[in-house]
Structure formats: C-alpha cells, structure tokens
Amino acid sequence: MFAMITLMFSCTGNNKNANGADDAGADSIDSTDTAVVETQEQLIEDTPMPKAADELFDDFIFNFAANKKLQKERILFPLKETHGRKTDFIPCDKWRMEHFFMRQGYYTLLLDSRRQLNIMKDTAVHTAVVEHISISNNRVKQYIFERISGRWMLSSINHQTIAQNHNGEFLAFYQHFVTDSAFQAESINETVAFVGPDPDDDFAQMEGIITPDTWSAFAPELPANTLYNIVYGKPTRLGNTKILVMRGIANGLELEIVFTKKAGKWLVTRLTT
C-alpha cells in the first residue's frame with residue numbers, strides 16, 4: 001500500500017537564476033501537485049501504520065510526515081522547543097502539521113562514509129534527528145526523535161545556527177558552492193570519478209573521469225535554499241569526507257556527490273547519478 005501511494009509523488013526540477021542559485025520556491029513541490037499530494041496523504045492517514053514501521057526510523061518518518069492523526073499521537077506534548085537559552089513548550093492545540101520533505105518530492109542526506117548507510121537499517125538505533133537546514137537563513141531546526149517503549153516519538157525541537165551544527169563548516173562551504181558558479185568551478189578536483197547511466201544501454205552504467213573544464217556539462221542541479229538531513233544515533237565528528245545523497249520519493253532520482261577535504265579545501269571527487 002505504501003509503495004503504491006508513494007508512486008504518485010513527483011519531483012519538480014530546480015530552476016536556477018543567473019548566479020546558479022535556486023529561485024525562491026524551487027526547493028518546494030510545484031503548487032499544481034498539492035492536490036495530488038494531499039489526496040495521497042489522506043490515503044496514508046486512513047491506513048493504520050503497521051507495527052513493523054517502528055523498527056526502522058525511515059519507515060516511521062514517512063508515515064509521521066504524511067499522517068496528521070499519527071503525528072499528533074507520536075509527539076510528547078507539551079513539546080519542548082529550545083532557542084539557545086530560551087525554552088518554550090508547544091501545547092497540542094498549537095501544533096501545526098509538519099510534512100518535512102514530503103512536498104518537495106525528494107530528500108537529502110549528509111553522510112561521512114557509505115558505511116553510514118547501514119545505520120539506516122539498524123533496528124538498534126533508538127535516537128534520530130531530522131534536520132531542516134535553511135541555507136539562505138543560516139538556521140537549522142532539529143526535530144529530535146526517541147524510540148520509547150518500542151514507539152518512535154518526537155521528544156523535542158532545537159534551533160541553532162549553521163555554525164553551531166556539527167556539519168557547520170561543510171554547510172558554509174556548500175552554501176558558497178551552490179550560489180557561486182566561479183567558486184564551484186574552483187572546487188572541482190583535478191579528476192572526478194563519474195558513474196552514470198549508459199545512454200546506449202538502459203540496463204547498464206558507464207564509468208569515466210570528469211575534469212574541471214568539463215564539469216559544467218555534468219554538474220547536477222542542487223537545492224540552494226533548503227536541505228534535509230537525518231542523523232541516526234549520535235552525530236559523528238566532521239572528517240575529511242562528506243557525501244551528499246539526494247533521493248527522489250518514488251520517482252527514481254538518485255544522486256551522490258562525494259566531497260573530500262584536501263589541504264583545508266573541500267573538493268568534488270566523485271559524482272554518481
């Protein structure tokens with residue numbers, strides 16, 4: 001049922017302005033698709049979430065983001081919300097439905113290694129944080145979930161600046177990377193390993209090398225306003241590798257860009273489409 005429902009979500013392409021940045025609404029789903037999305041969310045809401053969805057956070061969060069009734073049931077009200085030293089509490093009647101990435105048609109992840117993909121399938125994970133990263137506003141809103149008595153619950157919300165985030169240094173680079181085409185060209189390694197679909201064979205992939213002078217022909221369109229990230233368990237310390245993963249919600253979009261820090265500078269070293 002869930003697979004059938006998600007097939008009806010669609011991702012809209014990002015429109016870039018003259019500086020290479022996305023237009024104001026480019027990170028969100030097109031308004032013409034809103035009625036379709038709302039219809040599918042109603043179907044999800046009318047379908048009880050299977051108990052097995054509490055095993056993996058990924059299964060749970062898709063239900064949580066689309067099911068209004070379930071969402072209110074899985075929040076510890078009054079919900080603690082922290083802004084630096086200030087703490088507020090949100091009562092149930094003041095809560096507004098949070099759709100997270102569902103209405104933009106894709107989601108993103110920031111990983112330190114491909115091994116972290118295995119954590120997504122680890123049923124022993126009992127904490128997870130969904131981060132709404134507003135690049136243009138320099139803010140990060142963290143939704144902190146805990147698995148309590150076998151049930152995932154939203155336990156608190158935390159607000160911070162990008163500089164305070166564990167990925168702060170990389171995010172500052174990323175903001176520059178997606179909004180400045182000249183800087184992006186300077187941030188390409190001498191050789192970038194490339195893996196992508198073979199235009200001559202629908203069932204095969206091709207491998208090759210991209211150089212800085214050919215990067216513009218392969219450069220993907222990246223969100224410049226908003227990123228979502230999910231931290232499974234405790235966040236790791238920022239190392240010298242960062243993998244940006246973009247995945248479509250049932251539309252086949254799959255993109256990975258590997259950034260490697262060399263001599264204090266982040267460079268693109270691998271692109272998989």
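This note sets out points on the salt bridges, a charged surface patch and one polar contact in the predicted model.

1. Salt bridges overall. The structure holds 5 salt bridges. Three of these pairs are discussed below, with the position and the exposure of each partner.

2. K242 and D112. These two residues form a salt bridge in which the closest N and O atoms are 2.5 Å apart. The pair links distant parts of the chain, 130 residues apart: K242 belongs to strand β10 (residues 241-248), while D112 sits in the loop between β3 and β4 (127-134). Both K242 and D112 are buried.

3. E256 and R114. A salt bridge joins E256 to R114, with 2.5 Å between the closest N and O atoms. Because E256 lies in strand β11 (residues 254-262) and R114 in the loop between β3 and β4, the pair ties together parts of the chain that are 142 residues apart in sequence. With a relative accessible area of 12%, E256 is buried, since the buried class covers values under 20%. R114, by contrast, is partly exposed, at a relative accessible area of 47%.

4. K261 and E169. Here the closest N and O atoms of the salt bridge are 2.3 Å apart. K261 is located in strand β11 and E169 in helix α5 (residues 168-179), so that the bridge links distant parts of the chain, 92 residues apart. K261 counts as partly exposed, with a relative accessibility of 23%. E169 is also partly exposed, its relative accessible area being 41%.

5. Positive surface patch. K68, K72, K94 and R96 together form a positive patch on the surface. One of its members, K94, is found in the loop between β2 (86-90) and β3 (106-111). K94 counts as exposed because its relative accessibility is 55%, and the exposed class begins over 50%.

6. N67 and its polar contact. N67 occupies the loop between α3 (57-66) and α4 (68-73). Its relative accessible area is 5%, and N67 is therefore buried. The side chain of N67 reaches the backbone nitrogen of K69 at a distance of 3.1 Å.

7. Points to inspect in the model. For the loop between β3 and β4, the reader may look at D112, the partner of K242, and at R114, the partner of E256. For strand β11, the residues to view are E256 and K261. The loop residues N67 and K94 may be viewed as a buried case and an exposed case, respectively.

Note on methods. Residues are numbered from 1 along each chain as its sequence is written. This is a predicted model: local features need pLDDT of at least 70, side-chain atom pairs count only at pLDDT 80 or more; totals for chains, interfaces and linings use all residues. Side-chain values use heavy atoms; hydrogens and water are left out. Patches are made of residues with over 30% relative accessible area and no salt bridge: like charges are joined within 9 Å, nonpolar side chains (Val, Leu, Ile, Met, Phe, Trp, Tyr) within 5 Å. Accessible areas come from the Shrake-Rupley method with a 1.4 Å probe; for residues, only the protein chains shown count as cover. A salt bridge is a side-chain nitrogen of Lys or Arg within 4 Å of a carboxyl oxygen of Asp or Glu. Lys and Arg count as positive and Asp and Glu as negative; His and the chain ends are not counted. The place of a charge is taken as NZ of Lys, CZ of Arg, CG of Asp or CD of Glu. Helices (H or I, at least four residues) and strands (E, at least two) are DSSP runs, numbered from the N terminus. Buried means under 20% relative accessible area, exposed over 50%, partly exposed in between (1.4 Å probe, protein chains only). A polar contact is a pair of N or O atoms within 3.5 Å; within protein, one must be able to donate a hydrogen and the other to accept it, and residues adjacent in sequence count only if both atoms are side-chain atoms.
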